[in-house]
Amino acid sequence: MTAGLNNLVRLTKAQIKPAGEMFARTLQDDPLFSYFISDFEREALLPIFEFITRFGVLYGEVYATSPSLEGVAVWFPSEKAKLTSWKMIRIGGFKFIYYYFFNLRKVISRIMSYNEYAFKLHERHAHFPHWYLLLIGVNPMFQRKGYASRLLRPMFARIDQEHLPCYLETQNERNVPIYQHYGFKVVEEGTIPGTNVTHWAMLREKSS
């Protein structure tokens, strides 16, 4: 592990709920998640982000800037990023699905439709070993103060040491130049089927 990562906090199961709450506050107006819950209360986002964070804690690596969780990022090595049935069981995914099925059925339909679309793009543009930045968020109280950079730079240094590429997706146009600043390039721009939400697939090439 690089010295930079040692300055971050790697999340454990005990921090899943507060991290999910931070993501829900931070990303409630994000185009993708607004599409998922457009007809519903914002509180419906919390189970989604708790599920993502739990997936990252159990199968990937989740880092925060400090125990106060000003910013959190969820990463996966490519061989662990696929969500299998066994992983769903272990993460509590079926409970998550039943929650939405019985309460907010359209949410599940939208999430599954998006995942199918995004997975195909991911497979097409990153069919080799790589790191996957699934999610990053900085509490609005701490934005524009360098917290995102504190989360990203140490991991990119590690990824460069491993000579691996890195893949991510964003649905927020404002994020595109930010990621380009860190070396990502847009490999495909499209519209999520059945929506007016633009999807950018971005790849950061491995270091030479």
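In which helix does Arg110 lie? Arg110 lies in helix H7, and this briefing returns to that residue after setting out the fold of the chain. The model is a predicted one, and its secondary structure comes to nine helices and seven strands. Of the 208 residues of the chain, 52% count as buried, and the accessible surface comes to about 10800 Å², with 53% of that area belonging to carbon and sulfur atoms. Among contacts between residues at least 6 apart in sequence, 72% join residues at least 24 apart.

**The sheet and the helices that pack on it**

- The seven strands of an open sheet follow the order E1-E2-E3-E4-E5-E7-E6, and their pairing is mixed. The edges of this sheet are formed by strand E1 (9–10) and strand E6 (184–191), each of which pairs on one side only.
- Strand E4 (residues 131–138) and strand E5 (residues 166–170) run parallel and are joined by three bridges. Within this pairing, Trp131 has Cys166 of E5 as its bridge partner, while Tyr132 has Tyr167 of E5 as its partner.
- Helix H8 packs on the sheet, where it touches E2, E3, E4, E5, E6 and E7, and the direction of H8 makes about 165 degrees with that of E4.
- Helix H4 (residues 45–59) lies across strand E2 (61–64), strand E3 (71–77) and E4, and its course runs at about 55 degrees to E3.

**Strand E5 as an enclosed element**

- Five of the five residues of E5 are buried, so the strand is largely enclosed by the rest of the structure.
- Both faces of E5 are covered, with Cys166, Leu168 and Thr170 buried on one side and Tyr167 and Glu169 buried on the other.

**Surroundings of His199 in strand E7**

- His199 lies in strand E7 and is buried because its relative accessible area is 0%, where the cut-off for buried is under 20%.
- Leaving aside residues up to four places away in sequence, His199 touches a set of residues that includes Tyr114, Tyr117, Ala118 and Leu121, together with Glu169 and Thr170 and also Glu188, Glu189 and Gly190. Two of these contacts, Glu169 and Thr170, are residues of E5 that are themselves buried, on opposite sides of that strand.
- Gln171 is also among the residues that His199 touches, and the side chains of His199 and Gln171 make a polar contact at 3.0 Å.
- The C-alpha atoms of His199 and Leu32 are separated by 8.8 Å, although the two residues are 167 residues apart along the chain.

**Surroundings of Arg110 in helix H7**

- Arg110, in helix H7, counts as buried because its relative accessibility is 14%.
- The side chain of Arg110 reaches the backbone oxygen of Tyr35 at 3.4 Å. Arg110 and Phe36 are 5.9 Å apart in space, C-alpha to C-alpha, and 74 residues apart in sequence.

**Salt bridges**

- A search of the whole structure finds seven salt bridges, and the pairs and the network described below come from that structure-wide picture.
- Within helix H7 (residues 105–125), Glu116 and Lys120 are four residues apart and therefore separated by about one helical turn; their side chains meet in a salt bridge with an N to O distance of 3.7 Å.
- The side chains of Asp160 and Arg204 meet in a salt bridge at 2.9 Å, N to O. This pair links distant parts of the chain, with Asp160 in helix H8 (residues 147–161) and Arg204 in strand E7 (residues 198–204), 44 residues apart. Asp160 counts as partly exposed because its relative accessibility is 25%, whereas Arg204 is buried, with a relative accessible area of 11%.
- The side chains of Glu162 and Arg158 meet in a salt bridge at 3.1 Å, N to O. Glu162 counts as partly exposed at 34% relative accessibility, while Arg158 counts as buried at 14%.
- Lys17, Glu21 and Glu50 are linked in a network of salt bridges.

Note on methods: Residues are numbered from 1 along each chain as its sequence is written. This is a predicted model: local features need pLDDT of at least 70, side-chain atom pairs count only at pLDDT 80 or more; totals for chains, interfaces and linings use all residues. Side-chain values use heavy atoms; hydrogens and water are left out. A salt bridge is a side-chain nitrogen of Lys or Arg within 4 Å of a carboxyl oxygen of Asp or Glu. Helices (H or I, at least four residues) and strands (E, at least two) are DSSP runs, numbered from the N terminus. Buried means under 20% relative accessible area, exposed over 50%, partly exposed in between (1.4 Å probe, protein chains only). Contact means heavy atoms within 4.5 Å. Accessible areas come from the Shrake-Rupley method with a 1.4 Å probe; for residues, only the protein chains shown count as cover. Two strands pair if DSSP finds at least two bridges between them. Axes are lines fitted to C-alpha atoms, for helices over the stretch in contact, and angles run from 0 to 180 degrees between N-to-C directions. A polar contact is a pair of N or O atoms within 3.5 Å; within protein, one must be able to donate a hydrogen and the other to accept it, and residues adjacent in sequence count only if both atoms are side-chain atoms.
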